[in-house]
Amino acid sequence: MQIMVLNTPEEAGAAAAVVVRDCVQAKPNAVLGLATGSSPLPLYDALADTGVDFSGVTGFALDEYVGLPPGDSRSYACVIDSEVTRRLGLRPEAVHVPDVFAPDLEASAQDYERAIRDAGGVDLQILGIGHNGHLAFNEPGAALDSRTRVEQLAERTRRANARFFDSPDQVPTRCMTQGIGTILDARQLLLIAHGADKADIIARALQGPVTPDCPASALQLHPRVTVILDQAAAAGLR
Ligand code: GLP
């Protein structure tokens, strides 16, 4: 595991952009795993300035809420569309988000797994981390070999994400998320975290025991992981 510590979230975003740029320049039709949340935003900002050609790239989002109406601005489909697809110039039809409007959600989750496989697998998966150690929406207790499925959101996660909604009770209670096993299948992982509120969970995930209690500890099982932190998020590392 390669861990880089930069002074600010902006510098961390620029360093992460180099990793993504290298991947796409080496393979113009690369498959990128796309994360939402605030952690990757400095990365997407930096990428928007690099002039890398994303027109051949395929994207797969990590997760999506279940229960928001189609087109809701808080849905990850909309967030990915505005923050990534349009800004970086991916082809909209090459960007995939779990279909949470299908009549059979279990079949939809399996279709998503198949679509990732059919695309040749994810070359580079961008990741943030939740305060409770969640990866995508794999909450504590999720099996380390889990696949894409419908899950309940932890109360801690709903509280953290309430900032995007008018009131905490509007945050959906369910989601569809890639599994930890799905994420670990990617050929390269890029975890980004910033802020003092992530220091404890970063230390647990990267240097604590590998356990479903901290889903992000599964990163320790992957042979090719780059972690990019600001000073504040790295403060708990030994
Ligand atoms: C969200 C997303 C995750 C994200 C995490 C951290 O709920 N589902 O993919 O990594 O929580 O979010 P943030 O980066 O805003 O702290």
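Helices (H or I, at least four residues) and strands (E, at least two) are DSSP runs that I count from the N terminus. The model is predicted, so I take local features only at pLDDT of at least 70 and side-chain atom pairs only at pLDDT 80 or more, while totals for chains, interfaces and linings use all residues. I number residues from 1 along each chain as its sequence is written, and my side-chain values use heavy atoms, with hydrogens and water left out.

**Entry: the ligand**

I began with the ligand and its neighbours. How many residues surround the ligand? I found 13 of them (a neighbour has a heavy atom within 4 Å). The closest are Ser38, Ser39, Asp63, Arg163 and Lys198.

Then I looked up polar contacts (N or O pairs within 3.5 Å; within protein, one atom donates a hydrogen and the other accepts it, and sequence neighbours count only if both atoms are side-chain atoms). Which atom of the ligand does the side chain of aspartate 63 meet? It is a nitrogen atom, and the distance to an N or O atom of that side chain is 2.8 Å. Histidine 134 has a polar side-chain atom 2.9 Å from an oxygen atom of the ligand. For arginine 163, a polar side-chain atom also sits by an oxygen atom of the ligand, and I read 2.8 Å there.

**Entry: alanine 136**

Next I went to the loop between strand E6 (124-127) and strand E7 (149-152), and alanine 136 is in that loop. Is alanine 136 buried or exposed? I put alanine 136 down as buried because its relative accessible area is 8%. (Buried is under 20%, exposed over 50%, partly exposed in between, with a 1.4 Å probe and protein chains only.)

The backbone of alanine 136 made me look twice. Its phi is positive, about 50°, although the residue is not a glycine. For background, most residues other than glycine have a negative phi.

**Entry: arginine 149 and alanine 107**

Strand E7 holds arginine 149. I had to check its accessibility: the value is 18%, so arginine 149 counts as buried. What does the side chain of arginine 149 contact? I found a polar contact with the side chain of asparagine 138, at 2.8 Å.

I also followed arginine 149 over to helix H4, where alanine 107 is found. These two residues are 42 apart in sequence, and their C-alpha atoms are 9.2 Å apart in space. Alanine 107 is partly exposed because its relative accessible area is 30%.

**Entry: aspartate 111**

I stayed in helix H4 (residues 105-118), which also contains aspartate 111. At a relative accessible area of 42%, aspartate 111 goes into my notes as partly exposed. Its side chain has a polar contact with the side chain of arginine 114, at 2.9 Å. I then picked leucine 184, 73 residues away from aspartate 111 along the chain, and got 18 Å between the two C-alpha atoms.

**Entry: alanine 12 and leucine 190**

Where is alanine 12 found? It sits in helix H1 (residues 9-26). I called alanine 12 buried because its relative accessibility is 0%. Proline 42 is 30 residues from alanine 12 along the chain, and the C-alpha atoms of the pair are separated by 7.6 Å.

Leucine 190 belongs to strand E9 (residues 188-193). Leucine 190 has 0% relative accessibility, so it counts as buried. I paired leucine 190 with arginine 224: they lie 34 residues apart in sequence and 8.8 Å apart in space, C-alpha to C-alpha.

**Entry: threonine 211**

My last stop was the loop between helix H7 (199-207) and strand E10 (225-230), where I found threonine 211. Why does threonine 211 count as buried? It does because its relative accessible area is 19%. Which backbone atom lies 3.0 Å from a polar atom of the side chain of threonine 211? I traced it to the backbone nitrogen of aspartate 213.
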